[in-house]
Amino acid sequence: MQTNDTITTQLNHRTVRQFTDQPLDKETLTTLYEVARRTATSQYLQQFSLIHVTDLAKKRRFASICRQPAIAENGDLFIFVADLRRNQQIRRKNGVDDGRLHTMDLYLQGMADATLALQNMYVAAESLGLGGVILGSIRNDLKAVTELLDLPAMVIPVLGLRLGVPAEDHEQKPRLPQKLLVMGRLQ
Ligand SMILES: Cc1cc2nc3c(=O)[nH]c(=O)nc-3n(C[C@H](O)[C@H](O)[C@H](O)COP(=O)(O)O)c2cc1C
């Protein structure tokens, strides 16, 4: 099997849910945002936004929605949203209608854009020695998340991501063997 720094980071992945009190610094944030921005995007539509939630009251609310108290205690919290509104605004500014923006296809592309940007940012954070956890549990109460972040129509929460300096160390969790996951022959 081949290896390099990127693959080593990816193969060492493990979820971390407890972090030190040290927040991400500005340089790290800028780096991670740039990685998210560079993510491949279907039809060049870039249908995602990410929200850095720093307000403690809001983090407490997310802790309750996700049933994960640590969200309010440590780590930086990011919410990735499928954002079809930006392109809607651009289209309207240019005097055209919404086009395909209300189709399931573009909605799913927005979900993919947000998910891929999150994963790209997560891997970059891990490569910097940070740890993190994805939060699908923000969808325990989508209405509450939408109100909490004051999200407009055409903006749909997809996943949360907590990042920080790890304050816990886990064994790696197992995965299914390649032969169950990969259909096809090795060349
Ligand atoms: C889409 C997605 C949603 C997840 N949601 C949560 C979550 O809400 N809370 C949590 O503690 N972990 C969550 N996780 C992390 C998984 O629990 C974790 O990846 C899994 O247990 C495997 O552990 P590992 O990442 O350390 O290999 C999520 C992971 C993914 C990919």
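Which side chain has an N or O atom 2.9 Å from an oxygen atom of the ligand? It is the side chain of K173, and I would like to start there, remembering throughout that we are looking at a predicted model.

Staying with the ligand for a moment, we also find contacts from the protein backbone, since a polar backbone atom of G136 sits 2.8 Å from a nitrogen atom of the ligand, and a backbone N or O atom of I134 lies 3.2 Å from a ligand nitrogen. As for how far the ligand is covered, it would expose 620 Å² if taken alone, and the protein buries 66% of that area. There are 13 residues around the ligand, and the ones that come nearest are H13, T15, R17, S137 and R175. If you ask which element gives the most to this shell, the answer is strand 3, residues 131–135, with three residues.

Let me now step back to the whole protein. It has seven helices and four strands, and, read from the N terminus, the elements run α-α-β-α-β-α-α-β-α-β-α. The C-alpha trace spans about 55 × 50 × 30 Å along its principal axes. Of the 187 residues, 39% are buried, while the protein exposes about 11,600 Å², of which carbon and sulfur atoms supply 53%. Among the contacts with a separation of 6 or more, 81% are between residues 24 or more positions apart.

For the last part, I would like to look carefully at one element, helix 2, which covers residues 26–37. Its twelve residues, at 1.5 Å a residue, should span 16 Å, and the C-alpha atoms at its ends are indeed 16 Å apart, so the expectation and the model agree.

Which residues of helix 2 are buried? They are T28, L29, L32 and A36, and, when we look down the helix axis, these buried residues fall within an arc of 100 degrees, which means that they line one face of the helix. A general point helps here: an α-helix has 3.6 residues a turn, so residues three or four places apart point the same way. On the other side of helix 2, we find K26, E27 and R37, which are exposed.

And what covers the buried residues of helix 2? The cover includes strand 1 (48–53), strand 2 (76–83), helix 5 (104–127) and strand 4 (155–164). When you turn the structure yourselves, you might begin with L29 and L32, two of the buried residues, and then look for the exposed K26 and E27 on the other side of the helix.

Technical notes: Residues numbered from 1 in each chain as written. Predicted model: local features only at pLDDT ≥ 70, side-chain atom pairs only at ≥ 80, totals over all residues. Heavy atoms only, no water. Expected span 1.5 Å × (residues − 1). Buried < 20%, exposed > 50% of the residue type's maximum accessible area, 1.4 Å probe, protein only. Arc of directions from axis to C-beta. Contact = heavy atoms within 4.5 Å. Near = heavy atom within 4 Å. Polar contact = N/O pair within 3.5 Å; in protein donor to acceptor, adjacent residues only side chain to side chain. Areas by Shrake-Rupley, 256 points an atom, 1.4 Å probe, with all protein chains shown as cover.
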